[in-house]
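Reader: I have a model open and would like to go through the terms used for it one by one. Could you tell me what lies behind each label?

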Amino acid sequence: MKRLEDVDVEVNNGEMDDQEILAYIHYLKDKFKNETLSSLKLNIDGDYVDMHYHLIPTPFERIRRITGYLVGTLDRFNDAKRAEERDRVKHAVK
């Protein structure tokens, strides 16, 4: 096992030079631009290479529509908007 560009790489059933491994890493990083590639396993099968990879999802901020505004948190609301949000009817299925 080796580590290239912060990715753990394992090559099975043969050998592969670093340039070819980097090509696979760059392919996956371009394909999954919003996620982080953490590990890559390459299984060589004749003329074919099977890729098994693990991605770390990028955390995101949840945005909700509250009282006509798109917000992530209520910390920027004034007292009137906070009261409006507190008093609204919440529709949730449990």
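Author: Happily, and let us start with what a strand is: strands here are DSSP runs of at least two residues, numbered from the N terminus. Keep in mind that this is a predicted model.

Reader: What makes the place of Lys2 a strand, and which one is it?

Author: Lys2 lies in strand E1, which covers residues 2-4. A strand needs a run of at least two residues, and E1 with residues 2-4 meets that.

Reader: How many helices and strands does the protein have, and in what order do they run?

Author: There are two helices and six strands. Read from the N terminus, the order is β-β-α-β-β-β-β-α.

Reader: Why is Lys2 called partly exposed?

Author: The relative accessible area of Lys2 is 35%. Buried would need a value under 20% and exposed one over 50%, so Lys2 with its 35% falls in between and is partly exposed.

Reader: Which residues does Lys2 touch, once those up to four places away in sequence are set aside?

Author: Lys2 touches Val7, Asp8, Val9, Asp18 and Ile21. For a far partner, take Asp87: it is 85 residues from Lys2 along the chain, and their C-alpha atoms are separated by 57 Å.

Reader: What makes Leu42 buried or exposed?

Author: Leu42, in strand E3, has a relative accessible area of 0%. The limit for buried is under 20%, so Leu42 is buried.

Reader: Which residues are in contact with Leu42, leaving aside neighbours within four places in sequence?

Author: The list is Val9, Glu10, Val11, Asn12, Met16, Ile21, Tyr24, Val49, Asp50 and Met51. Glu10 is 32 residues away from Leu42 along the chain, with 6.1 Å between the two C-alpha atoms.

Reader: What is said about phi in Glu5 and Asp6?

Author: Glu5 has a phi near 50°, which is positive in a residue other than glycine. Asp6 also has a positive phi, about 60°, and is not a glycine. Glu5 sits in the loop between E1 and strand E2 (7-12), and the place of Asp6 is in the loop between E1 and E2.

Reader: Why do Glu5 and Asp6 get the labels they have for exposure?

Author: Glu5 has 38% relative accessibility, which lies between the limits of 20% and 50%, so Glu5 is partly exposed. Asp6 has 60%, and that is over 50%, so Asp6 counts as exposed.

Reader: How many aromatic pairs are there, and why is the pair called tilted?

Author: The count is one aromatic pair. The rings of Phe32 and Tyr53 have centres 5.5 Å apart, within the limit of 6.5 Å, so they pair. Their planes stand at 45°, and since stacked needs under 30 degrees and edge-to-face over 60, the pair is tilted. Phe32 is in the loop between helix H1 (18-31) and strand E3 (35-45), while Tyr53 is in strand E4 (residues 48-57); the two are 21 residues apart, and the pair links distant parts of the chain. Tyr53 has a relative accessible area of 34% and is partly exposed.

Reader: How do you know that Arg65 and Val89 are exposed?

Author: Arg65, in strand E5 (residues 64-66), has a relative accessible area of 64%. Val89, in the segment after helix H2 (79-87), has 59%. Both values are over 50%, so both residues are exposed. As for distances, Arg65 and Ile25 are 40 residues apart in sequence and 38 Å apart in space, C-alpha to C-alpha. Val89 and Tyr24 are 65 residues apart in sequence and 51 Å apart in space, again C-alpha to C-alpha.

Reader: How does the radius of gyration of the protein stand against that of a compact globule?

Author: A compact globule of 94 residues would have a radius near 12 Å, but the protein has 23 Å. The C-alpha trace spans about 65 × 30 × 20 Å along its principal axes.

Reader: What share of the residues counts as buried?

Author: Of the 94 residues, 21% count as buried. The accessible surface comes to about 7800 Å², with 48% of it belonging to carbon and sulfur atoms.

Reader: How many charged side chains are there, positive and negative?

Author: There are 16 positive and 19 negative side chains, and the centres of the two sets lie 16 Å apart.

Methods: Residues numbered from 1 in each chain as written. Predicted model: local features only at pLDDT ≥ 70, side-chain atom pairs only at ≥ 80, totals over all residues. Heavy atoms only, no water. Helix = DSSP H or I, 4+ residues; strand = E, 2+ residues; numbered from the N terminus. Rg over C-alpha atoms; globule rule 2.2 N^0.38 Å. Buried < 20%, exposed > 50% of the residue type's maximum accessible area, 1.4 Å probe, protein only. Areas by Shrake-Rupley, 256 points an atom, 1.4 Å probe, with all protein chains shown as cover. Lys, Arg positive; Asp, Glu negative; His and termini not counted. Charge placed at Lys NZ, Arg CZ, Asp CG, Glu CD. Phe/Tyr/Trp six-rings, centres within 6.5 Å; stacked < 30°, edge-to-face > 60°. Contact = heavy atoms within 4.5 Å.
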